[in-house]
Amino acid sequence: MLTQSLNTSISSTKVAPVPFAKPDQFCGLTGHAGLVASEFSYRKDEEIYGEDELAEYVYQVIRGAVRTYKLLSDGRRQIGAFLLPGDVFGLETGTSHRLAAEAVIDTTVRLVKRSSLEHAAEIDVQVARKLWSMTAGELRHAENHMLLLGRKNAMERVANFLLEMDRRLAVAGMMALPMCRRDIGDYLGLTLETVSRALSQLHSDGVLGFSGARQIVLRNRQRLRTMDA
């Protein structure tokens, strides 16, 4: 949650090597509407907002990574999404957040008042269209994630995750994952042990290579696509 003035950033340590955001739809939206965005920084595992908290702001990841999640009644955690540089989050249809959000690693976000965005959308059709486009993108991700959890086996889920991260993170053929294997398991609905076994099997089969604990090179994307089909 926000614990200091929006003009003040929480001190943070060096951020893991996740790509910076490029010029994007959110920047264009806020700029077109004449809205002032503030930046805020969070340390690894620090909460950005909690489940059921009032949804006062819309956020964009500038550097680092964010996870949204829900704690189930039995104590398990289901991660809904990983937000990476350029991604927008915090858009809600109701007045409160359905999921909590926290920094995966040291992270900086840009945020604007939700009420300001909604007011701009009421008087500017271009702003309304861009907001709708971002909301529709979140809906597509939620639908795809529901299909993944409901219909795919463990290896298919891991293959899908690796292809997703390859599209979003890979630089010069290498992807540096900001999230740990437990995070991956909570996103895919798998145990830590199952994720580790799947990655080890893919490594043994020559589908991927490791360069450090979270540095992965995909050597056979077509094999992964076949698994994910």
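# A first look at the fold

Helix α2, residues 114–123, lies across strands β3 and β8 (107–113), and the helix runs at about 50° to β8. That is one corner of a predicted model, and it makes a good place to begin a tour.

## The whole chain

The protein chain has 229 residues, and 43% of them count as buried. Its secondary structure comes to seven helices and 11 strands. Among the contacts with a separation of 6 or more, 75% join residues 24 or more positions apart. The accessible surface is about 11700 Å², and carbon and sulfur atoms account for 52% of that area.

## A sheet of four strands

Let us return to the strands beneath α2. Strands β3 and β8, which α2 lies across, belong to an open sheet of four strands in the order β1-β8-β3-β6, with antiparallel pairing. At the edges stand β1 (38–42) and β6 (88–89); each has a single partner strand, so one side of each is left without a neighbour in the sheet. In general, strands of a sheet pair through backbone hydrogen bonds, either parallel or antiparallel.

Looking at the β1 edge, five bridges join β1 to β8 in the antiparallel sense. Within this pairing, Y42 stands opposite T107 in β8. Is β1 mostly enclosed or left open by the rest of the structure? Four of its five residues are buried, so β1 is largely enclosed.

At the β6 edge, strand β3 (residues 57–63) pairs with β6 over two bridges, again antiparallel. Here Y59 stands opposite F89 in β6, and these two residues will come up again among the aromatic rings.

## Strands around β11

Another set of pairings centres on β11. Strand β9, residues 174–176, pairs with β11 in the antiparallel sense over three bridges, and M175 has I216 as its bridge partner in β11. Strand β10, residues 208–210, is also joined to β11 by three bridges and runs antiparallel to it; here L208 has L218 as its bridge partner.

β10 and β11 form a hairpin with four residues between them, and in the turn G212 has a positive phi of about 100°. Which residues make up the covered face of β11? They are I216 and L218, while Q215 and V217 form the uncovered face.

## Two nonpolar cores

The largest nonpolar core holds 33 residues, and F161, L162, L177 and L224 touch the most other members. At least two residues of this core come from each of β5 (77–83), α4 (154–169), α5 (181–188), α6 (192–204), β11 (215–218) and α7 (221–228). Which element gives the largest share of this core? It is α4, with seven residues.

Leaving aside residues up to four places away in sequence, L224 touches A159, L162, L163, L202, V207 and L218. Two of these names have appeared already: L162 touches many fellow core members, being in the group that touches the most, and L218 is on the covered face of β11.

Apart from this core lies another, of 15 residues, including Y42, V66, A81 and L111. Y42 is the residue that stands opposite T107 in β8.

## Aromatic rings

The count of aromatic pairs comes to eight. Two of them are set out here.

| Pair | Arrangement | Centre to centre | Angle between planes |
|---|---|---|---|
| Y59 and F89 | stacked | 5.0 Å | 15° |
| F82 and F161 | edge-to-face | 6.3 Å | 65° |

Y59 lies in strand β3 and F89 in strand β6, so their pair ties together parts that are 30 residues apart in sequence. Both fall under the 20% cut-off for buried residues: Y59 counts as buried at 3% relative accessibility, and F89 does too at 2%. Ring pairs also link Y49, Y57, Y59 and F89 into a cluster.

The pair of F82 and F161 links distant parts of the chain: F82 is in strand β5 and F161 in helix α4, 79 residues apart. Are F82 and F161 buried or exposed? Both are buried. F161 is also one of the residues that touch the most other members of the largest nonpolar core.

Note on methods
Residues are numbered from 1 along each chain as its sequence is written. This is a predicted model: local features need pLDDT of at least 70, side-chain atom pairs count only at pLDDT 80 or more; totals for chains, interfaces and linings use all residues. Side-chain values use heavy atoms; hydrogens and water are left out. Two strands pair if DSSP finds at least two bridges between them. Contact means heavy atoms within 4.5 Å. Axes are lines fitted to C-alpha atoms, for helices over the stretch in contact, and angles run from 0 to 180 degrees between N-to-C directions. A nonpolar core is a set of buried Ala, Val, Leu, Ile, Met, Phe, Trp, Tyr and Cys residues joined through side-chain atoms within 4.5 Å. Buried means under 20% relative accessible area, exposed over 50%, partly exposed in between (1.4 Å probe, protein chains only). Accessible areas come from the Shrake-Rupley method with a 1.4 Å probe; for residues, only the protein chains shown count as cover. Rings of Phe, Tyr and Trp (its six-membered ring) pair if their centres lie within 6.5 Å; planes under 30 degrees apart count as stacked, over 60 as edge-to-face and the rest as tilted.
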